[in-house]
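Welcome! Here are some short exercises to work through with the structure open beside you. Try each task before reading its solution.

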Amino acid sequence: ISTRYRLLPYFYSLFHEAAATGAPILRPLVWHFQDDPAALNLGDQAMVGPWLLAAPVITEGATSRTVHLPPGRWFEYHSGRILEGPATVNPEMTLGALPLYVREGAILPHGPLMMWSDAAPLSPLRLDVVPGPEPSTFTLYEDDGDSMAYEAGVSSEIQYTVTKTPQGATLTGGPRQGTWVPPARTLVVRVRRVDHAPTAVNLVGDGGALPALDEIDPDAPPTQGWAWDSRDLSLIVALPDQDGFELSMTYDPATAAAPMVEKRFVVALPPGTPADAIHIAGTFSDWAMIPMQPGVAPGTAEALVAVPRGEWFWYKYTRGDWDTVEKWAGCEEALNRYEFGAAHPDKVDSVTLWADDPSCP
């Protein structure tokens with residue numbers, strides 16, 4: 001549901017396109033991949049617009065599902081894991097799974113997380129871009145989102161174009177078409193994959209070089225600047241939203257397999273538990289114990305742990321051995337926790353009891 005609300009600017013633009021041209025929002029794979037025989041009769045996958053492939057889990061209790069990826073390079077939506085098509089993959093599933101894959105060349109507009117569609121202005125506006133071998137475009141459609149003024153032409157469109165270069169990539173925003181103008185806001189661009197530290201980001205023209213920052217929170221960005229997210233392997237750029245701009249980003253565009261990603265775990269502990277005694281163990285370590293450190297907040301422990309990028313994994317907390325493994329309330333045996341291998345967001349947990357608690361038999 002959170003992903004759906006963040007993607008509302010993308011969906012809104014697709015619905016406008018559907019109204020104007022008849023192009024469906026949910027598209028059978030053959031709509032875009034007519035030369036792919038495997039795409040002809042797939043009934044349980046769909047393209048959401050031109051850039052996003054969804055493969056929902058439709059079998060109750062499924063622990064895996066088969067996903068067909070058409071020709072081209074694909075990126076797992078949450079983690080940036082690279083997969084080369086055509087291919088058939090069989091990712092493991094959990095109750096939290098909805099396999100999503102981004103097509104190379106994508107320009108995906110996002111908004112902030114909201115509880116309902118017009119809870120707040122679309123600020124900041126985020127563009128997730130995945131430069132491909134050829135220039136690609138996407139047209140963002142906007143109106144006031146509430147009235148019928150769009151029927152009188154009170155709306156706007158901006159066409160964005162991303163181009164891969166030998167030195168990195170460029171992103172351009174065309175001139176705004178239409179009379180509706182959004183309130184002032186920040187534009188946050190996330191470029192994937194950027195496996196090597198960038199060297200410069202320039203707003204071509206009067207903007208000049210943007211300052212390098214240690215990090216950028218995409219939901220609360222500075223006015224302008226750029227940062228390299230070395231865990232997510234992405235470049236984040238913030239600048240005042242505007243039309244008619246050209247953003248030049250300089251980095252080594254070569255990518256590696258990058259099968260692992262560092263995930264931050266933060267766990268709240270039962271009262272009296274020494275924070276320096278906590279360990280985490282999971283399928284990522286063949287269930288070997290990994291020590292954690294006292295967290296920033298009192299009564300917590302935290303750790304950066306290498307986990308498989310773009311895959312589900314299972315884990316538990318202990319105080320160093322299985323005799324002290326976590327328990328649920330009432331000393332009930334705690335099932336294995338599960339999480340997805342992506343750099344963000346941090347995984348925040350809490351432990352109720354340990355197995356050697358005096359209240360447990």
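**Exercises on a strand and the cores**

In this predicted model, L125 of strand β8 has L187 in β13 as its bridge partner.

**Exercise 1.** Find which strands pair with β8, and in which sense.

*Solution.* Start with strand β7, residues 107-110: 4 bridges join it to β8, and the two run antiparallel. One of these partnerships links H110 with R126 in β8. Next, take strand β13, residues 186-192, which pairs with β8 in the parallel sense over 5 bridges. The partnership of L125 and L187 belongs to β8 and β13.

**Exercise 2.** Decide whether the residues of β8 are buried or exposed, and sort them by face.

*Solution.* Begin with the cut-off: a residue is buried when its relative accessible area is under 20%. By that rule, 5 of the 5 residues in β8 (125-129) are buried. Now sort them, recalling that side chains in a regular strand alternate between the two faces of the sheet. On one side are L125, L127 and V129, and on the other are R126 and D128. Both faces of β8 are therefore covered.

**Exercise 3.** Locate the largest nonpolar core and explore the surroundings of L247.

*Solution.* The largest nonpolar core has 45 residues, and those with the most contacts inside it are Y10, L171, V237, L247 and M249. Helix α2, residues 8-21, gives the most to this core, with 4 residues. Another core, of 19 residues, lies apart from it and includes V261, V267, Y317 and A343. Finally, select L247: leaving out residues up to four places away in sequence, L247 touches L171 and V237, among others, including V189 and L203.

Notes
Residues are numbered from 1 along each chain as its sequence is written. This is a predicted model: local features need pLDDT of at least 70, side-chain atom pairs count only at pLDDT 80 or more; totals for chains, interfaces and linings use all residues. Side-chain values use heavy atoms; hydrogens and water are left out. Buried means under 20% relative accessible area, exposed over 50%, partly exposed in between (1.4 Å probe, protein chains only). Two strands pair if DSSP finds at least two bridges between them. A nonpolar core is a set of buried Ala, Val, Leu, Ile, Met, Phe, Trp, Tyr and Cys residues joined through side-chain atoms within 4.5 Å. Contact means heavy atoms within 4.5 Å.
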